[in-house]
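This briefing introduces the charged pairs and the nonpolar cores of the structure shown below. Please keep the sequence and the 3D view at hand while reading.

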Amino acid sequence: METNAGLWIDHRQAIVVIISATGEEIKQISSHAEKQLRRTGSTPLQGNFESQQVPSDDSRQRTFNGQLNSYYDEVIASVRDAESILIFGPGVAKGELKKRIEENNLGDRVSAVETVDNMTNPQIAAKVRQHFGG
């Protein structure tokens, strides 16, 4: 039996389901990526507040993108041994991950990319089993 992987992903977390001859494994990977970075130092109400303490928007975006790329690389590492990969989720993260997978020369392993809403872990596992005929 070949190894198949399905994953539900958004910018906060990925739920990865690996189906192989030895059974089914579910793991959760958190992104730790923050879109809105917290300001450091004093607030305007407390006194000193310098614009240099607030990162510029492009700096924040670069930091966020770097965090997401590390997150996507961790997800890819968890499904690297799969012959076929199903990607699904509610937002743009699934498309970003697919692009990152293609950059890693694994694009031919992606069997489908689907838009779905939030799901529980058992629903995710059931969807992956159904997709791969299990």
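Which residue forms a salt bridge with Glu-114, and how many Å apart are the closest N and O atoms? The partner is Lys-127, and the closest N and O atoms of the two residues are 2.6 Å apart; a salt bridge here is a side-chain nitrogen of Lys or Arg within 4 Å of a carboxyl oxygen of Asp or Glu. The model is predicted, so local features need pLDDT of at least 70 and side-chain atom pairs count only at pLDDT 80 or more, while totals for chains, interfaces and linings use all residues. Residues are numbered from 1 along each chain as its sequence is written, and side-chain values use heavy atoms, with hydrogens and water left out.

**The pair Glu-114 and Lys-127**

- Glu-114 lies in strand E5 (residues 110-115) and Lys-127 in helix H3 (residues 121-131), so this salt bridge ties together parts that are 13 residues apart in sequence; helices (H or I, at least four residues) and strands (E, at least two) are DSSP runs, numbered from the N terminus.
- Glu-114 counts as partly exposed at 26% relative accessibility, whereas Lys-127, at 19%, counts as buried; buried means under 20% relative accessible area, exposed over 50%, and partly exposed in between, with a 1.4 Å probe and protein chains only.

**The network around Arg-100**

- The structure holds seven salt bridges, and among the residues involved, Asp-73, Arg-100 and Glu-103 are linked in a network.
- The side chains of Arg-100 and Asp-73 meet at 2.9 Å, N to O; because Arg-100 lies in helix H2 (residues 93-103) and Asp-73 in helix H1 (residues 57-79), the pair ties together parts that are 27 residues apart in sequence.
- Arg-100 is buried, with a relative accessible area of 19%, while Asp-73 is partly exposed at 33%.
- Arg-100 also forms a salt bridge with Glu-103, with the closest N and O atoms 3.7 Å apart, and both residues lie in helix H2, three residues apart, about one turn of the helix.

**The nonpolar cores**

- The largest nonpolar core, a set of buried Ala, Val, Leu, Ile, Met, Phe, Trp, Tyr and Cys residues joined through side-chain atoms within 4.5 Å, has 23 residues, of which Leu-7, Ile-9, Tyr-71, Val-75, Ile-87 and Leu-97 touch the most other members.
- Strand E1 (4-9), strand E2 (13-20), H1, strand E4 (84-89) and H2 each supply at least two residues of this core, and H1 gives the most, with seven residues.
- A second, separate core of 11 residues includes Trp-8, Val-17, Ile-124 and Ala-125.
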